[in-house]
Amino acid sequence: MTNRRDFLKRASALTLGALFVDGITSEASAATRNSMASKILGLQTYSLGPELSQPDLATGLKKVKECGYTNLELAGYREGNIGQAPVAEFKKLADDAGLTIISSHLTPSVRGQYSKDNIEQIKDFWKKATEDHNKLGVKYMVQPSLPQCNSLEDAQYVGEVFNAAGEIAKQGGIQFGYHNHNYEFNRLTAGGTEPISFAIRGYRPPQGQEMPKTVEEIFIESTDPSKVIFELDVYWTVMGGQDPVEWINKYANRIQMLHIKDRLVLGDSGMMNFKNIFNAFYSHGHQYFFVEIEDTRSGKQFDRIKASADFLLASDFVK
Ligand code: MG
């Protein structure tokens with residue numbers, strides 16, 4: 001039978017053991033925390049859907065910071081507001097939460113194709129957007145979606161419009177950029193009437209003809225590097241049948257930001273080689289990336305962005 005003295009002896013040994021183990025653990029975790037603290041993670045706020053402003057935006061932004069993020073890329077700009085909040089109010093709440101707004105996604109609301117008929121409307125949109133985004137303090141304004149492009153000439157014209165947008169942004173001290181999905185890996189021919197889908201694997205052009213270029217290549221080649229940069233969504237690049245590492249290396253000076261994205265939570269699908277992606281990206285001197293989760297219907301988006309931040313914080317290839 002255990003007497004009181006034996007019990008105390010054992011309890012004390014256990015406590016010492018526990019303290020000792022704890023000592024090592026807390027030292028190790030302090031080191032890990034320090035290296036984690038130096039990582040600057042970015043989040044595309046679209047990832048949170050309506051949860052960002054529940055119960056209110058101030059609380060949502062503080063939760064983003066607690067999840068491990070420091071940089072933001074916004075979504076939802078419309079006529080002087082980000083979602084429901086006027087830009088100046090959004091900026092103040094982000095500052096209060098300790099978040100830096102680096103970038104913002106926005107698209108001119110022009111239906112159909114870009115043309116000489118709507119170019120002035122598009123320019124007016126970017127002029128107003130530049131004013132509003134200076135109140136947000138962003139470095140980048142990024143167009144995230146593809147205007148209609150059926151031919152090489154269509155995409156080249158869109159490139160001209162991007163140059164015009166880039167010039168307007170530049171005059172206001174902001175860098176313009178473009179973000180891809182998978183449709184930018186469709187191919188376009190001169191005088192074509194529809195894209196050749198990226199989904200056709202192993203496509204070969206008719207004999208004697210060159211491989212038609214992808215929309216993304218045409219955009220990169222028809223825009224001025226001083227006016228238009230590219231934000232590569234690495235997940236959509238893979239879904240478009242391409243290797244993001246090859247693109248990051250081939251267009252090292254043009255692709256200056258990344259969307260770090262997986263099917264859902266980062267690292268869960270196993271299909272994304274984030275290590276090679278980050279290594280290539282850093283090797284060209286770039287730093288800004290934004291985590292994105294595109295399905296926002298779970299009701300648990302904060303859990304998803306937290307799990308994604310934890311994945312990056314635990315990955316030694318993220319600096
Ligand atoms: Mg994206």
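How many aromatic pairs does the count come to? I opened my notebook with this matter, and I record that the model is a predicted one.

**Entry 1: aromatic rings**

I found that the count comes to 18 aromatic pairs. I then looked up the rings of Phe 125 and Trp 126, whose centres are 5.0 Å apart. Their planes stand at 85 degrees, and an angle over 60 degrees counts as edge-to-face, so I entered the pair under that heading. I noted that Phe 125 counts as buried, at 19% relative accessibility, because the limit for buried is under 20%. Trp 126 is buried as well, with a relative accessible area of 1%.

I turned next to Phe 281 and Tyr 282, whose ring centres lie 6.3 Å apart. Their planes are at 45 degrees, so this pair is tilted. Phe 281 is buried, and I wrote down a relative accessible area of 0% for it.

I also followed the ring pairs that link residues into a cluster. Its members are Tyr 77, Phe 125, Trp 126, Phe 162, Phe 176, Tyr 178, Phe 219 and Phe 230. On a separate page I recorded Lys 63, which lies over the face of Phe 302 at 4.1 Å from the ring centre.

**Entry 2: the magnesium ion**

Which residues are the protein donors of the magnesium ion? I listed His 179 through NE2, Asp 233 through OD, His 259 through ND1 and Glu 292 through OE. These donors lie 2.0 to 2.3 Å from the ion. Along the sequence, I read the spacing of the donor residues as H-x53-D-x25-H-x32-E. His 259 belongs to strand E12 (residues 255-261) and Glu 292 to strand E13 (residues 289-292), so this pair ties together parts that are 33 residues apart in sequence. I noted that both His 259 and Glu 292 are buried.

**Entry 3: two loop residues**

I located Ser 151 in the loop between strand E7 (140-143) and helix H5 (152-171). Is Ser 151 buried or exposed? Its relative accessibility is 6%, so I entered Ser 151 as buried. Leaving aside neighbours within four places in sequence, I found Ser 151 in contact with Leu 188, Thr 189, Gly 191 and Gly 192.

Gly 98 sits in the loop between helix H3 (87-97) and strand E6 (100-105). At 34% relative accessibility, I recorded Gly 98 as partly exposed. Not counting residues up to four places away in sequence, Gly 98 touches Lys 65 and Thr 70. From C-alpha to C-alpha, Gly 98 and Tyr 69 are 9.5 Å apart in space, and they are 29 residues apart in sequence.

Methods:
Residues are numbered from 1 along each chain as its sequence is written. This is a predicted model: local features need pLDDT of at least 70, side-chain atom pairs count only at pLDDT 80 or more; totals for chains, interfaces and linings use all residues. Side-chain values use heavy atoms; hydrogens and water are left out. Donors are N, O and S atoms within 2.8 Å of the metal (3.2 Å for Na, K and Ca); water is not among the atoms, so sites may look incomplete. Helices (H or I, at least four residues) and strands (E, at least two) are DSSP runs, numbered from the N terminus. Buried means under 20% relative accessible area, exposed over 50%, partly exposed in between (1.4 Å probe, protein chains only). Contact means heavy atoms within 4.5 Å. Rings of Phe, Tyr and Trp (its six-membered ring) pair if their centres lie within 6.5 Å; planes under 30 degrees apart count as stacked, over 60 as edge-to-face and the rest as tilted. A charge sits over a ring if NZ of Lys or CZ of Arg is within 6 Å of the ring centre and within 35 degrees of the ring normal.
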